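Please look at the chain and its ligand as a whole before turning to any detail. The paragraphs below lead from the ligand to the domains, then to one helix, and finally to the overall form.

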Amino acid sequence: MRHPDSPPIAPDAPWLAPLAGFSDLPFRLLCREHGAAVAVTEMVSAKGLCHDSPGTDDLLATTPADAPLVVQLFGSEPQYIERAMTALLERGFRWFDLNAGCPVRKVVKTGAGAALHNTPDLLVDIAGRMAALAGPGRCGVKLRRGWAAGQDNYLELGRRLADAGTAWLALHPRHARQGYGGEADWSCLAALVRAVDVPVLASGDLFTPEAGVRCLRETGAAGVMFARGALHGPSIFARHSALLAGRELPAPSPAELAAVIRRHAALAREHLRERHALLQMRTIVPRYVRHMPGSRALRARLVHCRTWEELDGLVCAFLLDRPQQ
Ligand SMILES: Cc1cc2nc3c(=O)[nH]c(=O)nc-3n(C[C@H](O)[C@H](O)[C@H](O)COP(=O)(O)O)c2cc1C
């Protein structure tokens, strides 16, 4: 059961998943404009936040339109997690998530992210402290299925976390060792749904609106989070909700894609440092057009873009000046 103070969790309330390097303020706002009901920040280091590390403030940049917002923390030291939570609560943040799924070496070597699967007592302790500080309904945990094949412990962890006050569980059903390779095993989602009485958010290989709807039906998950699917095109949120309601929205036309890219660029210019925004758009644009012939050549040209005018010129030439199919 969803706690009344939790962020929206429902089949037709798709979340934007945490995406380090991508789920920044401009992208969150863009996804909300396209129907994301909730967005999660990039993962934020609890220790970094306590030490005012450069960049942490950028990760926490937000605006009133950027709501409801879940702040994702990573860390393995309870004292830093508590200090970070206190600081975040003072700054007015209301919803939180603990990262227990990141497989990146830099993170797991500190015992954080997916490495918390290997220290279950510590994971439950940290999540319990976060939930106690935030209040009922306000804290989730994002899990993998386990550290490596044969070491699944998401069911046991899920039950213990729910008992410790975790209000929702997000599961990306790959082992940490798999990184993003192989396939996500949605049957783990169904098993977790059966095992716990808190809502389960599904993650993993949700690349299309159809996959989102099928995952909900096959697993009984309370909701979905789109990750790489959103990076390929934020229209996935509205298309998912429409499909659930029985309406199939077409994939965006080239002209609509150009409009999405221009809107993303405008939000990036408004909210990020100019140079960073341009560098970021050079990597974002190829994702939006990756399914179209010629996208590799466009990627190669974008790398040399030095100004917004050049970027816009390339996008227009690619999307708007192509023969209609
Ligand atoms: C570039 C990238 C960055 C990610 N960053 C985070 C992160 O900061 N925190 C987190 O919990 N998961 C992170 N993830 C995992 C996603 O939230 C999601 O669980 C995963 O990509 C599986 O969903 P998908 O197969 O539909 O993309 C990241 C994934 C990608 C591809």
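**From the ligand to the whole chain**

Around the ligand there are 23 residues, and those that come nearest are A17, P18, M43, A227 and R228. The model shown here is a predicted one, and this should be kept in mind throughout. When the residues of the shell around the ligand are sorted by character, eleven are nonpolar, eight are polar and four are charged.

The next step is to see how the chain is divided. The domain assignment of the protein chain gives two parts, with domain 1 covering residues 15-244 and domain 2 covering residues 254-319. The C-alpha centres of domain 1 and domain 2 are 28 Å apart. To the contact between them, domain 1 gives nine residues and domain 2 gives ten residues. On the side of domain 1 that touches domain 2, α1 (25-33) and α10 (228-232) each supply at least two residues, and it is α1 that provides the largest share, with four residues. This side of domain 1 is made up of seven nonpolar residues and two polar ones, with no charged residue.

A single helix can now be followed more closely. Which residues of helix α9 (residues 209-219) are buried? They are P209, A211, G212, C215, L216 and T219. Because these residues cover an arc of only 165° around the axis, they are placed on the same side of α9. What do the buried residues of α9 pack against? Their partners are two helices, α8 (186-195) and α11 (236-244), together with two strands, β8 (200-202) and β9 (223-226). Just after α9 comes G220, which takes a positive phi of about 75°.

Finally, it helps to step back and consider the protein chain in full, which contains 15 helices and nine strands. Its radius of gyration is 20 Å, close to the 20 Å that the globule rule gives for 325 residues, and therefore the chain is as compact as a globular protein of that length. Along its principal axes, the C-alpha trace spans about 60 × 45 × 35 Å. Of the 325 residues in the protein chain, 46% are buried. The contacts tell how parts of the sequence are brought together: among those between residues at least 6 apart in sequence, 67% join residues that are at least 24 apart.

Methods. Residues numbered from 1 in each chain as written. Predicted model: local features only at pLDDT ≥ 70, side-chain atom pairs only at ≥ 80, totals over all residues. Near = placed C-beta within 6 Å. Nonpolar A, V, L, I, M, F, W, Y, C, P; charged D, E, K, R; others polar. Domains from an automatic or database assignment. Contact = placed C-beta atoms within 7 Å. Buried ≥ 20, exposed ≤ 12 C-beta atoms within 10 Å, placed from the backbone. Arc of directions from axis to C-beta. Rg over C-alpha atoms; globule rule 2.2 N^0.38 Å.
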